[in-house]
Amino acid sequence: MTVHPSLQTYADAWTHSIEAISELVQPLVEGEWNRPTPCPNWSVRDIVSHIIGMESEQLGDPRPIHTLPRDIFHVQTEFARYMEMQVDVRRHHTAPEMTSELEYTIIRRARQLRNENRDPDTKVRAPLGAEQTLELALRMRAFDVWVHEQDLRWALNKPGNLDSPGAYVARDILLHTLPRVVAKDAGAPPNSAVVFDIHGPLEFLRTVRVDADGHGTIDGAPSLGPLVTLAMDWETFLRLACGRVRPHAVADRVKKEGDQALADAILREFAVTP
């Protein structure tokens with residue numbers, strides 16, 4: 001195995017999720033490709049198109065030459081425009097075209113990962129012409145394909161893999177954002193603590209502590225006197241953090257204790273993915 005040890009976890013998670021996606025979409029009939037998903041404004045076809053496009057870019061393929069229609073009103077930023085290009089160019093592709101291109105892309109990308117011998121700090125292509133390290137690129141691809149696997153499962157009513165390797169990658173990425181959400185975005189006061197108690201397929205307890213200067217940190221130790229405790233299941237945590245659902249829609253699945261105004265502010269700012 002030539003893959004650097006620090007990349008293996010992400011390669012394994014990516015492989016597990018992308019193979020699950022392939023299995024999910026292979027038997028779909030034409031109409032099912034148009035089903036809406038929890039990913040705002042994207043159908044099943046759109047998500048698979050996005051995955052094909054992003055993996056193709058990691059392979060070094062040129063981006064399509066394509067002009068977006070003016071009536072795609074959800075595209076409001078340059079980042080969204082960048083992402084939509086790979087999606088819109090495939091919007092009229094048939095089911096066989098989608099599955100065959102997905103399979104071909106997976107074969108090429110899996111071969112690339114098997115033969116990967118570059119250092120994890122090697123700079124590679126990132127969206128909008130930027131660069132990122134190989135390790136960050138693979139971590140984000142593992143995260144992206146797992147979250148979109150869940151989007152497809154929700155759309156197709158085929159739940160599963162909430163505790164797969166990709167779930168752990170997603171958990172760690174989303175937890176990393178919590179100090180900013182609590183301390184900066186929601187404005188938790190200095191010298192306070194907020195506890196997140198998550199149950200379900202993935203269980204964890206994390207405390208975000210805000211120091212005297214208003215900076216947030218996160219650890220696994222419980223707080224004796226948290227200002228807020230938020231308890232919810234892992235799927236609800238994921239859907240909130242990825243902007244797939246609004247807090248009011250899952251109010252019955254979130255238990256709030258302590259300062260209600262701060263709890264509501266945290267939930268309002270919970271979505272961290274673009």
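## A buried glutamate and its partner

A polar contact is a pair of N or O atoms within 3.5 Å; within protein, one of the two must be able to donate a hydrogen and the other to accept it. In this predicted model, the side chains of glutamate 57 and glutamine 86 are joined by such a contact, at 3.0 Å. Glutamate 57 belongs to helix α2. With a relative accessible area of 5%, glutamate 57 is under the 20% cut-off, so this residue counts as buried.

## Helix α2 and its two ends

Let's stay with the helix that holds this glutamate. Helix α2 covers residues 44-58, 15 residues in all, and spans 22 Å from its first C-alpha to its last. That is close to the 21 Å expected at 1.5 Å a residue. The burial of glutamate 57 fits a wider pattern here: 15 of the 15 residues of α2 are buried, so the helix is largely enclosed by the rest of the structure.

Both ends of α2 are worth a look. At its start, a side-chain oxygen of serine 43 comes to within 3.4 Å of the backbone nitrogen of arginine 45. Just after the helix, glycine 60 has a positive phi of about 90°.

## Aromatic pairs

A pair of aromatic rings is described by the distance of the centres and the angle of the planes. Searching the whole structure gives six aromatic pairs. One of them is formed by phenylalanine 196 and phenylalanine 270, a tilted pair with 6.0 Å from centre to centre and 40° between the planes. This pair links distant parts of the chain, 74 residues apart: phenylalanine 196 is in strand β3 (residues 192-199), while phenylalanine 270 is in the segment after α8 (260-268). Phenylalanine 196 and phenylalanine 270 are both buried.

In the pair of phenylalanine 204 and phenylalanine 237, the ring centres are 5.6 Å apart and the planes meet at 90°, so this pair is edge-to-face. Because phenylalanine 204 lies in strand β4 (residues 204-210) and phenylalanine 237 in helix α7 (residues 234-241), the pair ties together parts 33 residues apart in sequence. Phenylalanine 204 counts as buried at 6% relative accessibility, and phenylalanine 237 counts as buried at 0%. These four phenylalanines also appear in a cluster linked by ring pairs, made up of Trp146, Phe196, Phe204, Trp234, Phe237 and Phe270.

## Helix α7

Two of the cluster residues, Trp234 and Phe237, are also among the buried residues of α7. Seven of the eight residues of this helix are buried, which leaves α7 mostly covered. The buried residues are Trp234, Glu235, Thr236, Phe237, Leu238, Leu240 and Ala241.

The N-terminal end of α7 is capped by aspartate 233, with a side-chain oxygen 3.1 Å from the backbone nitrogen of glutamate 235. Just after the helix comes glycine 243, with a positive phi of about 70°.

## One cavity

The search of the whole structure also turns up one cavity of 30 Å³ or more, and the largest cavity has a volume of about 30 Å³. Its lining consists of Leu174, Thr177, Leu178, Val181, Phe237, Ala241, Phe270 and Val272. Two elements, α6 (165-185) and α7, each give two or more residues to this lining. Helix α6 contributes the most, with four residues. Phe237 and Phe270 will be familiar from the ring cluster, and here they line the cavity as well.

## Charges over rings

Two arginines are placed over aromatic rings. The charged end of arginine 63 sits over the ring of tyrosine 82, 3.7 Å from the ring centre. Arginine 109 lies over the face of tryptophan 14, at 5.8 Å from the ring centre.

## Helix α5 and two asparagines

Helix α5 takes in residues 134-156, among them leucine 134. Leucine 134 counts as buried, at 7% relative accessibility. From the C-alpha of leucine 134 to that of leucine 156, 22 residues along the chain, the separation is 33 Å.

Most residues other than glycine have a negative phi. Asparagine 41, in the loop between α1 (5-25) and α2, has a positive phi of about 75° although it is not a glycine. Asparagine 161 also has a positive phi, near 60°, and is found in the loop between α5 and α6. At 22% relative accessibility, asparagine 161 counts as partly exposed.

Key: Residues numbered from 1 in each chain as written. Predicted model: local features only at pLDDT ≥ 70, side-chain atom pairs only at ≥ 80, totals over all residues. Heavy atoms only, no water. Phe/Tyr/Trp six-rings, centres within 6.5 Å; stacked < 30°, edge-to-face > 60°. Buried < 20%, exposed > 50% of the residue type's maximum accessible area, 1.4 Å probe, protein only. Lys NZ or Arg CZ within 6 Å of the ring centre and 35° of its normal. Expected span 1.5 Å × (residues − 1). 1 Å grid on protein atoms, 1.4 Å probe; cavity = no way out; pocket = protein on both sides within 12 Å on 5 of 7 lines; lining within 4 Å. Points joined across faces, edges and corners; volume = space filled by probe spheres on them.
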